[in-house]
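Trainee: Let's go through this model together. I'll ask, you reason it out.

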Amino acid sequence: MLPTPSTSHVDFDRVYEPAEDSFLLLDTLSSSKEVSFLTQRFGPLKGRNAERSSPLIVEIGTGSGVVLAFLTAYAQTLFGISDILSLGIDINQYACKASIQTVEEACQNVNDDLQDASRPWGTGFLLTSVNGDLTSAIRPESVDVLIFNPPYVPTSGIPTAFAANGEKQACSDADSDMLSLSYAGGMDGMEVTNRLLEQLPSVLNASRGIAYILLCKQNKPDEVAQRIRQWGTPWMVDVVGQSGRQGGWEKLQVLRIRRGS
């Protein structure tokens, strides 16, 4: 089992603290099934065309950065290669700063364990963490793996700087408002996720792009999966992770979304 990156430096009064949803993503992405899938898709070429670009891994809504750090620090184990590039995006500026430190410390710890801190064997490379809204800062068809642990709790509104249509709203800088960005999902908990889903076809790499999106029971994941399949015959959706227990109504699933090959 791979160690969970430390988040002891994070100010959890301003940044979402890793919880069951975060750990479900870690467990899913490091499961033998997903490691096999990812290494087959992105791993050593084994005679294939040697001209391939390094995969770009993007996490939307990094929070503490624990998931992005996990993927970056253990790139060799999870993807079969270490030459991955990772990028974080969060609308909370405090989360951006925290996630950079989380990733850097996790990679340093791996290098220290290898007793060769000068050569980052096994770890990927963090580009940065961008303070932005969903995929607005990303070039078309540039993302190979996208991870999104969205604000999925059904609420009466979206207390973020952006409404469901993407237009800016008033949002104070109070710590409580900053934290609410991480969990309040509006109607059915899907208003932010629906915006992201609309952007997926344009940002995922056309040949190898995949997305992992976490949903709760109240988000109606079966209906979400069916809607994605109706985008067209190339699109495939699989449930690749589920919470082993139910915390109140918060039963969680991880969907893997990709174009069929």
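**Asp90, the core and helix 2**

Trainee: Which residue's side chain has a polar atom 3.0 Å from the backbone nitrogen of Gly63?
Mentor: Ground rules first: it's a predicted model, where local features need pLDDT of at least 70, side-chain atom pairs count only at pLDDT 80 or more, and totals for chains, interfaces and linings use all residues. Residues are numbered from 1 along each chain as its sequence is written, and side-chain values use heavy atoms, leaving out hydrogens and water. A polar contact here is an N or O pair within 3.5 Å; within protein, one atom must be able to donate a hydrogen and the other to accept it, and residues adjacent in sequence count only if both are side-chain atoms. The side chain that reaches the backbone nitrogen of Thr62 at 3.1 Å also has the polar atom by Gly63, and its owner is Asp90.

Trainee: How far from Asp90 is the nearest side chain of opposite charge?
Mentor: Lys and Arg count as positive, Asp and Glu as negative, with His and the chain ends not counted. Asp90 is buried (under 20% relative accessible area; exposed is over 50%, partly exposed in between, with a 1.4 Å probe and protein chains only). Asp90 has no salt bridge (a side-chain nitrogen of Lys or Arg within 4 Å of a carboxyl oxygen of Asp or Glu). The nearest candidate is Arg195, and the distance is 12 Å.

Trainee: Is Arg195 buried or exposed?
Mentor: Arg195 lies in helix 7, residues 191-203 (helices are DSSP runs of H or I, at least four residues; strands are E, at least two; both numbered from the N terminus). Its relative accessible area is 11%, so Arg195 is buried.

Trainee: Which element gives the largest share of the largest nonpolar core?
Mentor: A nonpolar core is a set of buried Ala, Val, Leu, Ile, Met, Phe, Trp, Tyr and Cys residues joined through side-chain atoms within 4.5 Å. This one has 38 residues, and Val67 and Leu71 are among those touching the most other members. Seven of the core's residues come from one element, helix 3.

Trainee: What arc do the buried residues of helix 2 cover?
Mentor: They are Glu34, Val35, Phe37, Leu38, Arg41 and Phe42. The arc is that of the directions from the helix axis to the C-beta atoms. They sit on the same side of helix 2, because their arc is only 160°.

Trainee: Which residues are exposed on the other side of helix 2?
Mentor: The buried residues pack against elements including helix 1 and strand 7 (contact being heavy atoms within 4.5 Å). Across from them, the exposed ones are Ser32, Lys33 and Gln40.
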